Structure formats: structure tokens, C-alpha cells
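Q: Could you walk me through this model, starting with one of the charged pairs and then moving on to the helices and the metal site?

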Amino acid sequence: MSDIPWRLAARSLKRDLRSADVRALFVALVLAVAASTMIAFFLDRLERGLERQAGQMLGGDLVLEQRSPFSDALRTTLEEAGFTLSDQVGLVSMISLGDRFQPASLKAVDDVYPHYGVSRVDLGQGTEQIAFGPSAGEAWADPRLAELIEIELGDRVQVGQTELTITGIVEREADQSGGFGNFNPRLMLNTADLEATGLVQDGSRVEFELLAAGPPQALDQVQELLGELRREGVEVRDVRVDRPQLGNALQRADSYLGLAGLAAVLLAGVAVAMSARRYVERHLDTAALLRCFGASQQQLVILFSIQLIGLALIASFIGALLGLAGQAVLLRLLASFFPMTLPPPGVTPLWLGILTALAVLVGFAGPTLLRIKQVSALKVLRRELDPMPPAAWLVVAVAAIVFGGLLWLYSGSLPLAIALLLGGAVLLGALWGVSALLLNAVLHGIKKITGTGEWSQALRLGARQLARRRQAGVGQLLAFSVTFFAMAMIVLVRGDLLSTWQAQLPDDTPNYFAINIQPSERDAFEQAVAPRVDTQSTLYPMVRGRITAINEQSPRDVVPEDARGDGSLRRELNLTWQAELPEGNQVVAGEWFSSETPMNEPQGWLGAVDATPQAEIVPISVEEGLARRLGLALNDTMTFSVGGDELTTRITSLRSLNWDSFKPNFFVIFPPGVLEQFGHSYITAFHLSDEEQGLIRQLVSDFPGVSLLNVDAILGQVRDVLAQVTRAIELVLLLVLLAGISVLYAALTASQPVRAHESGLLRVFGAGNRMISRIQGAEYALLGFASGLMGAVLAEVATAALYIYWLDLTPRLHITLWLTLPLGGALLIGVIGHALSRGLRRQAPAASLGLLGEA
Amino acid sequence: MPSSRPVLHAERLSKKVTSGERTLTILHELSLSVAAGESVAILGKSGAGKSTLLGLLAGLDTPSDGELRLFGQPLSRLDEDGRAALRAGRVGFVFQNFQLLPTLSALENVLLPLELSPRAGEDQMAKSWLAKVGLEERIDHLPKQLSGGEQQRVAIARAFVTDPELVFADEPTGNLDADTGAQIIDLLFTLNREAGTTLILVTHDHALARRCDRCLQLDQGRLMPFASSDFNAAGGGQ
Ligand SMILES: Nc1ncnc2c1ncn2[C@@H]1O[C@H](COP(=O)(O)OP(=O)(O)OP(=O)(O)O)[C@@H](O)[C@H]1O
Ligand SMILES: [Mg+2]
């Protein structure tokens, strides 16, 4: 008898696949697996792509920077951990060509450069993408340097004590080390020539960089070492922590896709729960018969488990294949975002998919399936012996626990999973009660309709049908609400996410930076620019200063150990002064400089009390990120060395600001009246439309000392990435919506036999097509309306929570949701239901009733 | 009182079904005319095609061939909708397998045809019919809580609740004990007598068949008269 379940199971599974409910179950599982594997595969690769991109911008997966050459011991350790190393040296020096002199940032690279990506360089045959640096004896200039001292390819420029041949013009460096911090024009040379220049000497300001590329395990392995290095004052940049620029936006996209994956799984779960119910109902008779023939409870459980697991395995296999194909499509959409081929997807997402299918099946169908076990043989004789459906709370509880587990698996955060789960459970409990009440209320209201018109009659009948389905009605209402909720949430979040991005980089985002504007040129420059640009930031005065003390102690001794090598301590900071809080900045602690302080009086803070300039402590405002890194708090004092003077300041406010805004941003802002006495220049950013590009030539000739930086390329790159991620999101959105619709379809299919029976009977009693379709339409529409309403409540609450705790967006009320969801729900369910029952309505009642078959 | 106006007239009716490659002829060029107020019993072996015939006559199914008039209307000229409209309120049907909706209580099942053409006192009518078939105590029970015979009586109440002119009943007493069966038979013929309801019954029950105005035998796809002597030959009923 022991091998009978296998054969029986295989045979009945084959038979089952012919029936609508099993097919619906199957499709739901396939979709769940397809969606989750596709998104898992995609996230996996997106994650790697982002890391790669960040690595490319940094110049390696790990970048160390200090003032002296790195020891061989350190190199060996890193190499043993699995890193490939590359050296870079950065310094500022005078370059000359003939009688033209220009200070420039020198970047010396070795033969390994670059670890990742390509540079865009003109080597004489137009711009090419190349993955190497200048060889010994050669140097590449950036276009600005070339313009300033009129360099042509082949010219020999004087660098320190040696001469180098210019063999290329670098339009874009593969890595962005250096970035905006340094506004000098740039020259790239080979490390082999450094010694000959004689520029690297004790006491000269030289930055040594060690760029390491290696697998994540290598990074894991050296974490302890990195901690030590940080404490020694080495600046450490780790690809996983220091994501440049796009980090924020992409992080959100990442979260969003994860969310969409979960929504798809939830949707599939709902479908599985709905179809499982019908499946079990249909199999109770079989089970009872088998009991009559002498099968034990255990054999029944085994029999049906085998069938369902078989179903799940086939479904997950097909789903995984679909998912694999789907992620390939997604990646194609993002192709230009990833410049290099990505490593092939791992197998983890595949296992995840199968696990998801099984978990969804067990979680959403398990308790219902257990009913089969309780079937008694007597049921064959007496139908009322149907085992009771499992308590609703049990179904929900088991499903919730399984879903919570998946949440944990997908989000990687247990507290988040538990919080979401508890919130969801409470919400569902409340919803169950509300569903019952709502259904009653709707039906009660409908009863009051007394009109004798065909429509009011149909509505009344439809409502009655719905009411008579009792438990099943509430169950369907709940399922549809959750479906609408998941669909609405994904749509809402997408909209808000995209508009946040849009708002972050509007069309008039500044595309030029103008620096080094002298105080004497300030007004003239302003007048030249203002009438022709679309937007312009304030002209910020800029003074360079170094932090020399924090709370009257050496900065290295006070800041957290890990921050000893922080760039803000190692380099000069750009300081500015402002009376008003700059646009886009927000005070998050303390208060902005009060307007009563005599900031604009000639004496300012310096002469306020004592005659000695240092008697009064100057209030300053510090960016919160810097404050966090350096462990600074309100009322801490900071001493700056500016132009040889020491300035003691006290932090009176902390600000948050958006570093991705393409506007001048400052770590430290002084009140007016302090820094004016030091040498300063101005910086501004503006947006220049394509038609007004002529202004640039005019500015270059009228203000030769002013440096103009075009950031269109970077801006374009950022926009590209966002556009492509947006497309990926749209695709995933579409997938989730499809999943949602197929859930509705599955659920409606599962309830179809009952409705077929009803409409067949109504037909026997003389109801016409119009009548039947109106009754059914009314029932579907009511169901859709009520579930839409509840879906809206759920979606509003859930998105608010998500925005606050996960996506870091500002929650808002979505008024249109409250209209579209109930009406759309009524329409959608009405249409699907109508379409499904079309065939039925054409059939002769003899066929739809199965007059000759079993009842 | 049989009148000369036929309620139902079938001519050379055929029904063929195909399953797989084989074509099965269930009914073969069968003709029948039933006058208003008449009661007709159709007998025949299991599988003879009685249920099929009843479904055809009620317009629940379409014949492969032949012509059928119900209340004077040729059914072949009506679409599914038209046939339904013709039945509405005028035809009652008792199915061999009852066809009760499992989620509806006995009362709701009986109410269903009334709701299609709303009128005052639906509830009362439905309850009184359930009382007539002896189920006044069970009106709130679901079909699966009722025995087979009880379900059958709900189906009968449902067929009669609209005061139809014509009732088709497929083995209406098949699941009933002799006593209850006799009560139901009395009910049917009282109606037939008092309201002039035309009855077309399929039955194995000779006691029932004997009370009909006419008995017909379905055999080899054809109808032929069933002589009352045959009752004795067949063993005097079950
Ligand atoms: N759609 C169909 N497909 C295949 N065979 C059919 C179909 N409809 C009816 N039959 C066959 O036609 C024959 C007559 O069936 P029907 O149900 O009318 O018999 P019956 O006289 O009512 O039998 P019973 O007394 O057992 O109820 C049966 O053999 C049945 O299998
Ligand atoms: Mg039959």
C-alpha cells in the first residue's frame, strides 16, 4: 500500500491540471516564483553593478590616502587578501609651456591604472575610450589646462625639473578621485616620472593613494586592518560605505524593487489561498471515497502533499525560467548603465524562488489542506459531514508567519520583518471585522432600493447573491482588498519616487560652476550672467581654512578613532559666510544666526567686546554629516586656521543639505563680518540653456581669471542612470500589476463553478442574458467597490509607514486613490467577471448545469 | 381537463451527441404533443434518454434536428435569451439531481425564481410551498444538511412556487418513501386539477405513472404508448 500514494498522486495530479482551479493555483505559483526570482536576480546584479560603479568612481574597491608612501608590509597584506594594487600620487604644481605658467593638479598613475572603467581621451584621432594611463615620459592634460596655456598634442611641458610630452587630452577620467574639491586644471602623468620632477620632497604637500581592487571577501578580510589604518590617520574609502552621488536615489530604487518583489509574492499568496480553498472543496469527496476504500488519514495527507509539492516544483521550475528571462530583459534596459559585463547571476535567487513557491503554498494553502485529513468516510453518505473550513485566524496566522519569514529573507532585517508583520496582522484583523461590517452595510443599503427598474432589481439581486455567499464573500473581499492594496501601493510609491527624483534634478539644475570670481569682478560677473541664465545660485564667498583644534584639543585626539583620516581633517575646507540660510539647507539642531547680531557692522564679531580680535567666539553652522563623522555637537568649539590666523568658533547650528543638488554646498558657514578680512573669491552655479552657450565664450574673454566648469556630462550621467532605473521600475510595476490582475482572475475563476451553477439555474427560471449579466455585474461591481475602498485604506496607511521607515520620503495623502480604487475596483472586477461569465451566458442551461453529470 | 390547444408540440425531434469520434443517437425523430392541463408520464430504462428529452422539451437544450413549439412558439427561432424569457414564470422544472444551490438555505433556494419577477409576499409564498412539501421546520437549513428526499422536496417547492402553467419533473419521487411519495403525488395532481397545470413527468414509479392521463415509453430513441397492462407485466411497480 505504501507505493500507492505515489502512483495515485501522479495520476490525479495529471487529471487535476485539467481543472480550472488547479490551473489557477498553478499560474499563481508560477507568477510568484517568476516575480520573486526575477527581482531577486535583478537586485543581485543591480547590487553588483552599483558596487562596480561606485568602485569605478572611487578608482577601486578600497582607496587609502595619506601623506607618505605606503609600506611594503601593508601592500603584502592587501595582496594576500586578494587585492590588486595600483598607486596614485596627487599634488599641485606649476606647469609651464614657453612663457605661459599655470598651477595644476597633477595626478600620477601607474601601469595598472585604471582598475575599473575607461577614460575618454583624445590621443590625436578623436576621443577614444581607453583603459590605461600615460606612459613614462608622457602626460595628458585636461581641456581646461590645454586651453589656459595653449597646449597642442606633441608639446613638451615643463613639470618641476623635467619635461613631458603631451600625448593626450583627457575629457573624462575613468575614476573621479579628486572630484570637485580641487578646482585646478589637471595633468595626468606616469608615476615613473615623479622622481625626475623633483616635486616629491619632504614637506611638500603630496597625497599618496593606494587603490585596491578585489572581491567582497577580500574587503571583509581586511576590515580590522582598515580600522587600524583609520586610527593611524589614513583616509580610507570603502566602496560599500562611500557611495558617491547616486547612492541615495539608487538605494531607494533598490528598496522599491524589493518591495515590488514582496508585493508580487503577497499577491501570489492570495491567489494560492483562494484557489486552495476551491481545490480542497473539490477534493473532499475524493478523500471521503478513499477513506471508504480504507485509506488512513496519514495516507491521505501524503497523497495530497505529494500532489501539491509536485505542483509547486513544476511551477517553481517554470517560474524560475521566466524569472531568468525577465531579469535579462531588465538588464538589457539598463545596459548602458553598466559599462562592463556583469558577472552572471548566481544560483541563490533560484533556490530563493523554489523556497518562495513552497513557502507560499504551505503558508497560504496549508491550513486549508489539513481539512482533507479530517474527512470521515461517512461523508460519502452524509454531505453535512464536511469538515468545517479552518478558522480564518488560523489561515491568516500561518500565512502571516510564512510571509514574515519571506520578508525577513528578502529584506535581510529581522526587526523590519517583525514590525511589518505585526503591523500587517493587526491591520488584517481589523480588516476582517471591517469587511464583515462593510459588506453588511452595503447590503443593507441596497435592500432599501425599492425601484422596479431592471437596474435596481439587478442591484438588489446581485447584493443578495453576495450576501448569501457569507464566509466566501468576506474571504473574497479580503483577498481583493489585499490585491488592490498591493497594486495601489506599488503604483503610489513609484509615483512619489519618480517625482522626488524629478524634483531633485529639475530641468534647470545648474550645469555650470563658476569659481575663482574675485571680489572686484563680482558685480560685473553677476550682471553679465543674471539676464541670460535660467537659474543661478547665490554667489558664495569662499575662504579656505583648515581645522586646527576641536574643543581646544588636537582634532585627531578628539574625533572618533575611525575619523582620524577623514578628508576634512587632512585638507583645507571651503568656508563661506551667509546671513541667510542657503536654499535647500535645513537647520536640524540649534538655531541659525539671529538677525539682531550686528553682523554687518564694520567691527563685526571681532570688535564686539574686547579690543583683542580673538576675544569673542564666532558662531558657525556645520553640516550634520560632517558633525556626525567628527563626533561634533552643538556648542563644541572649533578652531580654524585661515590665512595664517587662528579663528575660534562655536557650533550654534547643524544643517542638513542635499549633496546631489548640483549647487555649491558648504560644510561650514560663518556669519558675515568675520571672514571678509581674508583673501576670498566667489563661487556660483547656474543653468545655461543650449541657445545661450555663447555666453561662455564672452565670460572666458571678459573674466579670464574665472574658471568655468561644465558639469553637463556628470549631470547627464546621473539623469541617464535615473532614467534607466525608472524604466526598470516601470517594468517591475507592470509585472506586479499583471500579477494582481491574474490574482483577481484566479480568484474569480475559482468561484466560477458556483456562479455557473447559479446562472444556469436562473436561466431555467427564465432569466434573460441581460438580467443574468446585470445581476452578476452588480455583484462583481459591489465586491470591487467594497474591496477598492478597503484597499485604499490599507494602501494609505502602509505607504505612510513605508515612507517614514524605509524609503525616506515625506508621506502625503493620496486623495485620488480614494476615488480611483473603489471605482477602478468595481470596474476591473466587473470587467473580468463579465468576461469570465460570457461563455456561460451563451451556453444552454443543460450544459452549464451538467444536467446529466453530478450536481 | 385536457383541452385541444397543445402547450407543447414536438416533431421529429432528434438528439445526437458526439463523444470522441463516436456519435451517439439518444433520441431519434421523436414526436409528441401535450395539451394544456394534461398529465403525461414518460417511462423508460436507465440511460434511455428520458432526462435528455425533458431538458429538450423545456428548452434547456437544443435538439440536433426537428421542431419544437412551446406555448405555441417555435423554439428554434428563439435564441437562448428568448427561450429563457418564454419560460419565465410559466415553466417549472424538478431536476433529477435537484440542482439546489449549496450556499443558499432551503427558503432562499425556493425564493430564487420569485426574485426574478418580484411580486408582493414572495416570502409567504415560498414558505407556504415549503410547508406544503412538509419542510416548514427546515427552511433555514442548507441543502447539505437535508436528506436526499428533503432536498428533492425543496426542488419540487421551487418548481411550483411561481404557479407555472407547465411543470417538468424528472423522477420527482425517486428518493421518497412510499408515504411521502404518495403525499407529493397527491399534491401534484391536486394542482393539475385545480390550477390546470400541465405535468410532464419522468418516473420509474408505476403508482405515479398510473395516475397520469397518458403514459409513454422511451425506447431506442423513440416514444411509444405504454399500455396499462404493461404495468402488471413490469411487476406492478416498485
Ligand atoms: N452530453 C452527452 N455526452 C455523452 N453522452 C450523453 C450526453 N448526454 C446524454 N448522454 C447519454 O445519453 C444517454 C441518455 O441519458 P439520460 O440521462 O437522458 O438517460 P435517462 O433515461 O435519464 O437515464 P436514468 O433513468 O438513469 O436517469 C445516456 O447513455 C447518456 O450517457
Ligand atoms: Mg435521467
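Q: How accessible is Arg629(A), buried or exposed?
A: In this predicted model, Arg629(A) is partly exposed, with a relative accessible area of 38%; buried means under 20% relative accessible area, exposed over 50%, and partly exposed in between, using a 1.4 Å probe and protein chains only.

Q: And what does the side chain of Arg629(A) meet?
A: The side chain of Arg629(A) meets that of Asp566(A) in a salt bridge, 2.7 Å from N to O, where a salt bridge is a side-chain nitrogen of Lys or Arg within 4 Å of a carboxyl oxygen of Asp or Glu. Arg629(A) lies in helix α18 (residues 624–630) of chain A and Asp566(A) in the loop between α16 (555–558) and α17 (567–570) of chain A, so the pair ties together parts that are 63 residues apart in sequence. Asp566(A) is buried, with a relative accessible area of 13%.

Q: How are helices and strands assigned and residues numbered here?
A: Helices (H or I, at least four residues) and strands (E, at least two) are DSSP runs, numbered from the N terminus. Residues are numbered from 1 along each chain as its sequence is written, while chains are lettered from A and ligands numbered from 1 in the order in which they are written. As the model is predicted, local features need pLDDT of at least 70 and side-chain atom pairs count only at pLDDT 80 or more, whereas totals for chains, interfaces and linings use all residues; side-chain values use heavy atoms, with hydrogens and water left out.

Q: How many salt bridges are there over all chains?
A: By that rule the count over all chains is 22. Among them, Glu207(A) pairs with Arg67(A), with the closest N and O atoms 3.3 Å apart. That pair links distant parts of the chain, since Glu207(A) is in strand β10 (residues 206–213) of chain A and Arg67(A) in the loop between β1 and α3 of chain A, 140 residues apart. Glu207(A) is buried at 12% relative accessible area, whereas Arg67(A) counts as partly exposed at 37%.

Q: What does Glu209(A) pair with?
A: Glu209(A) forms a salt bridge with Arg237(A), with the closest N and O atoms 3.8 Å apart. Glu209(A) is in strand β10 of chain A and Arg237(A) in strand β11 of chain A, 28 residues apart. Glu209(A) counts as buried at 10% relative accessibility, and Arg237(A) is buried too, at 17%.

Q: Switching to α19(A), which of its residues are buried?
A: In helix α19 (residues 694–702) of chain A, the buried residues are Leu695(A), Ile696(A) and Leu699(A). Seen down the axis of α19(A), they fall within an arc of 100°, so they line one face of the helix; the arc is that of the directions from the helix axis to the C-beta atoms. The face turned away from the buried side carries the exposed residues Arg697(A) and Ser701(A).

Q: Last one, what holds the magnesium ion?
A: The protein donors of the magnesium ion (ligand 2) are Ser51(B) (OG) and Gln96(B) (OE1), lying 2.0 to 2.3 Å from the ion. Ser51(B) lies in helix α1 (residues 50–57) of chain B and Gln96(B) in the loop between β6 (91–94) and α3 (106–116) of chain B, so the pair ties together parts that are 45 residues apart in sequence. Donors are N, O and S atoms within 2.8 Å of the metal (3.2 Å for Na, K and Ca), and water is not among the atoms, so sites may look incomplete.
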